[in-house]
Amino acid sequence: MSDQLTTASAARGTVSLVAGITTELVRETQARHALAPTASAAVGRLITGAALLGASLTGRERLTLQISGDGPIGALTADAWNAGQGVVAARAHARHPHADVPLNARGKFDVARVVGAGQLQVTKSYEIGQPYSGIVPLESGEIGDDIAAYLANSQQIPSIVAVGVLANPSGIIAAGGLIAQLMPGADDGTIGALEAAVAKMPPVTTQIAAGADTRALLTAVAGALELNIFGDLGVAFDCQCTREKVETALLGLGRDELLKIAGEAPDTEATCEFCKRRYVLSSNDVGALVARLD
Ligand code: ZN
């Protein structure tokens with residue numbers, strides 16, 4: 001099925017749930033960045049996590065997940081925002097998109113190894129006011145665990161986070177995830193029922209590859225708990241880069257550097273690190289930027 005997020009609650013509102021299918025989102029991210037297999041699993045899990053958390057954003061809020069690890073992939077960033085019309089937009093990039101390592105002992109992508117040890121920073125920015133930011137050490141580098149550690153330690157919300165990417169040599173087969181958060185008032189019976197359901201639940205991507213939709217994922221994670229579905233949201237890869245933003249970034253290089261760039265070649269090419277869109281500026285365009293600085 002096409003990409004979708006579905007929000008719900010269980011056990012009379014004491015468990016908050018969101019499930020998502022992000023196969024197309026991860027495919028597009030993989031293609032734009034030519035991500036190697038392990039890198040696509042790492043970036044795919046992170047952008048899926050951003051999209052799932054993005055389901056609760058309103059207005060012009062934006063959520064950014066940044067992983068700084070010492071593994072071969074380097075820094076990873078994903079962000080999500082409410083694009084309006086019931087759609088959550090997301091984008092991501094990796095410092096070293098070609099980073100790849102052998103499968104781990106369980107035959108899975110070794111995301112922990114490609115990410116390494118480090119930290120996860122989560123920033124929520126609002127239309128007005130200061131952004132909020134929290135940082136936690138990476139729990140395992142597997143990304144789902146790390147997002148769960150952030151929610152538990154920085155937000156004081158005990159959570160279960162599952163994010164996954166299933167791929168074979170020909171490409172991404174399925175991607176998606178779910179987040180279950182315990183709200184105040186969740187009793188031991190609810191926690192026990194949730195843990196029992198999660199323990200016997202097949203991996204999310206196995207369920208998606210077998211045809212499960214987001215409601216089926218929510219039913220599986222809720223187990224014996226009564227489920228209350230709120231609604232569906234679309235998911236789309238998007239980037240809000242513009243020529244103007246590229247020019248602002250170039251202005252930051254300063255007058256001397258701009259003059260050097262303009263003198264080196266007739267055209268200057270800038271590529272957006274998130275969507276790989278190319279912006280070409282002639283030496284006249286760069287000259288006009290220098291004039292703005294003068
Ligand atoms: Zn862009």
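## Helices α8 and α10

In this predicted model, helix α8 (residues 243-251) and helix α10 (residues 283-293) have axes that come within 10 Å and cross at roughly 60°. An angle of that value falls outside the ranges for roughly parallel, perpendicular and antiparallel, and α8 and α10 are therefore oblique to each other. Their crossing is right-handed.

On the α8 side the contact is made by R243, E247, L250 and L251, and on the α10 side by D285, L289, R292 and L293. By class, these residues divide into 4 nonpolar and 4 charged, with no polar ones.

## Domains

The domain assignment splits the protein chain into domain 1 (4-237) and domain 2 (243-293). The C-alpha centres of domain 1 and domain 2 are 35 Å apart. Contact between the domains involves 8 residues of domain 1 and 4 residues of domain 2.

## The sheet

An open sheet is formed by 10 strands with mixed pairing, in the order β7-β6-β3-β4-β5-β10-β1-β2-β9-β8. Its edge strands are β7 and β8 (159-168), each of which pairs on one side only. Direction ignored, neighbouring strands of the sheet are turned by 15° against each other on average.

Within this order, strand β1 (residues 4-10) runs antiparallel to strand β10 (residues 227-237), and 6 bridges join the two. One of the bridge partners is G231 in β10, which is matched with T7.

Strand β6 (residues 118-125) and strand β7 (residues 132-137) also pair in the antiparallel sense, over 6 bridges. L120 has V136 in β7 as its bridge partner. The hairpin of β6 and β7 has 6 residues between the strands, and G129 in this hairpin takes a positive phi near 95°.

## Helices on the sheet

Helix α2 lies across β1, β2 (15-21), β3 (62-69), β4 (76-82), β5 (87-94), β8, β9 (171-182) and β10. The direction of α2 makes an angle of about 25° with β4. Helix α4 (residues 144-153) also packs on the sheet, where it touches β3, β6, β7, β8 and β9. Relative to β8, the direction of α4 is at about 165°. Angles over 145 degrees count as roughly antiparallel, so α4 and β8 run roughly antiparallel.

## Helices α1 and α2

Helix α1 (residues 23-33) packs against helix α2 (residues 37-54) at an angle of about 135°, and the axes are 10 Å apart. That angle makes α1 oblique to α2. The crossing in which α1 passes α2 is right-handed.

From α1, the residues L25, V26, T29 and Q30 meet S40, V43, G44, I47, T48 and A51 of α2. The contact of α1 with α2 has 5 nonpolar and 5 polar residues, and no charged ones.

## Helices α5 and α7

For helix α5 (residues 188-200) and helix α7 (residues 214-222), the axes come within 7 Å and cross at roughly 120°. The pair α5 and α7 is therefore oblique.

L194, A197 and V198 of α5 meet A220, V221 and A222 of α7. By class this contact has 6 nonpolar residues, with no polar and no charged residues.

Notes. Residues numbered from 1 in each chain as written. Predicted model: local features only at pLDDT ≥ 70, side-chain atom pairs only at ≥ 80, totals over all residues. Heavy atoms only, no water. Pairing = 2+ DSSP bridges. Helix = DSSP H or I, 4+ residues; strand = E, 2+ residues; numbered from the N terminus. Axes fitted to C-alpha atoms, helices over the stretch in contact; angles between N-to-C directions. Parallel < 35°, antiparallel > 145°, perpendicular 65-115°, else oblique. Left-handed = near helix turned anticlockwise from the far one by under 90°. Contact = heavy atoms within 4.5 Å. Nonpolar A, V, L, I, M, F, W, Y, C, P; charged D, E, K, R; others polar. Domains from an automatic or database assignment.
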